[in-house]
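Colleague: I am new to this structure and would like a close look at a single part of it. Could you take me through the disulfide and its setting, in one connected answer?

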Amino acid sequence: TAATTKATTTAPSGTCDLTVEDFNDPQRLTFLGYNALLPPGPSSDDGTMASFSVDYSQRLTLKPKANAYYYTGLNCILVTSKYAGLVFDATLGGEMGVTLEYSTTTNCQNIKTATVNAIAQLGAPKSTATRVVIPWSKFTTGAIYVNSIVFNPTTTAQYILGPIRLYCPGSTYPSPAPLPNKPISAGTAFPQPYPVSTAGNLVVDNFANANNNALGFGRAVSDNTLIKIAVNTASKQMTVSFPGTTNEASD
């Protein structure tokens with residue numbers, strides 16, 4: 001059974017941290033499903049939110065459905081070796097549980113969970129940005145390897161999260177930057193961090209030529225021992241045969 005305690009909003013002092021999620025790139029989170037760690041950890045809502053969107057100003061906007069959640073993976077990091085706890089900014093539409101999925105072993109077997117209520121100490125939901133700092137001691141004690149952090153909104157109201165970090169002992173964080181209190185309009189245009197192509201689709205191979213693909217380059221050839229490739233230009237299909245199996249590919 002998860003232990004539930006109150007978080008603290010009193011931040012330690014210093015400058016050391018590890019950014020788990022910066023919400024800088026909508027494609028990385030909502031399309032690829034990764035966070036900002038290197039190597040990246042999985043990060044998603046698994047389709048449990050009615051709305052799940054990231055803009056280019058380090059904000060994740062959540063509109064939960066019943067039993068919705070958002071998680072971000074930490075790749076089984078030994079967090080207690082360097083970091084003192086978890087810190088993130090949020091505009092909270094209601095209470096939200098923050099669950100640590102952790103283990104006391106390096107391979108993260110025998111996962112345990114512990115939950116902190118992110119705004120229990122505030123007495124009411126906040127419509128403005130709040131900095132939430134949660135020491136590991138609020139979850140558990142001793143050395144822990146964290147598999148993931150799960151955010152569980154308890155209402156269907158809008159929630160907005162800012163960057164999620166692990167802070168070092170002695171870290172100091174300035175006041176949180178203002179977070180927007182309304183959803184971003186679907187018609188709002190944001191500057192792209194990379195050029196967006198307006199070209200049409202590029203056909204790599206339509207199997208219309210027995211030897212070359214649609215770009216004019218040769219294909220892999222059969223060795224008639226381990227692999228056999230046959231192209232039917234009439235049906236525009238290529239058959240690749242392996243020992244005991246047959247796979248087909250077509251345009």
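Modeller: Before the details, please keep in mind that this is a predicted model. Buried residues make up 37% of the 251 residues in the chain, which is built with one helix and 15 strands. Of the contacts with a separation of 6 or more, 69% are between residues 24 or more positions apart.

Turning to the part you asked about, a search of the whole structure finds one disulfide, and it is formed by Cys76 and Cys108, whose sulfur atoms are 2.1 Å apart. The link of Cys76 and Cys108 is right-handed, with 105° about the S-S bond. Because Cys76 lies in strand E6 (residues 70-78) while Cys108 sits in the loop between strand E8 (96-103) and strand E9 (112-117), the pair ties together parts that are 32 residues apart in sequence. Both cysteines, Cys76 and Cys108, are buried.

The strands just named also lead to the nonpolar core. The largest nonpolar core has 39 residues, and among those that touch the most other members are Tyr70, Met96 and Val98, together with Phe88, Phe151 and Leu161. Leaving aside its neighbours within four places in sequence, Met96 is in contact with residues including Phe88, Val116, Phe151, Tyr159 and Leu161, and its partners also include Asn117, Asn152, Pro153 and Thr154. In soluble globular proteins, nonpolar side chains tend to be buried together. As for the outside, the chain exposes about 13300 Å², and carbon and sulfur atoms supply 53% of that area.

Methods. Residues are numbered from 1 along each chain as its sequence is written. This is a predicted model: local features need pLDDT of at least 70, side-chain atom pairs count only at pLDDT 80 or more; totals for chains, interfaces and linings use all residues. Side-chain values use heavy atoms; hydrogens and water are left out. A nonpolar core is a set of buried Ala, Val, Leu, Ile, Met, Phe, Trp, Tyr and Cys residues joined through side-chain atoms within 4.5 Å. Buried means under 20% relative accessible area, exposed over 50%, partly exposed in between (1.4 Å probe, protein chains only). Contact means heavy atoms within 4.5 Å. Helices (H or I, at least four residues) and strands (E, at least two) are DSSP runs, numbered from the N terminus. Accessible areas come from the Shrake-Rupley method with a 1.4 Å probe; for residues, only the protein chains shown count as cover. A disulfide is a pair of cysteine sulfur atoms within 2.5 Å.
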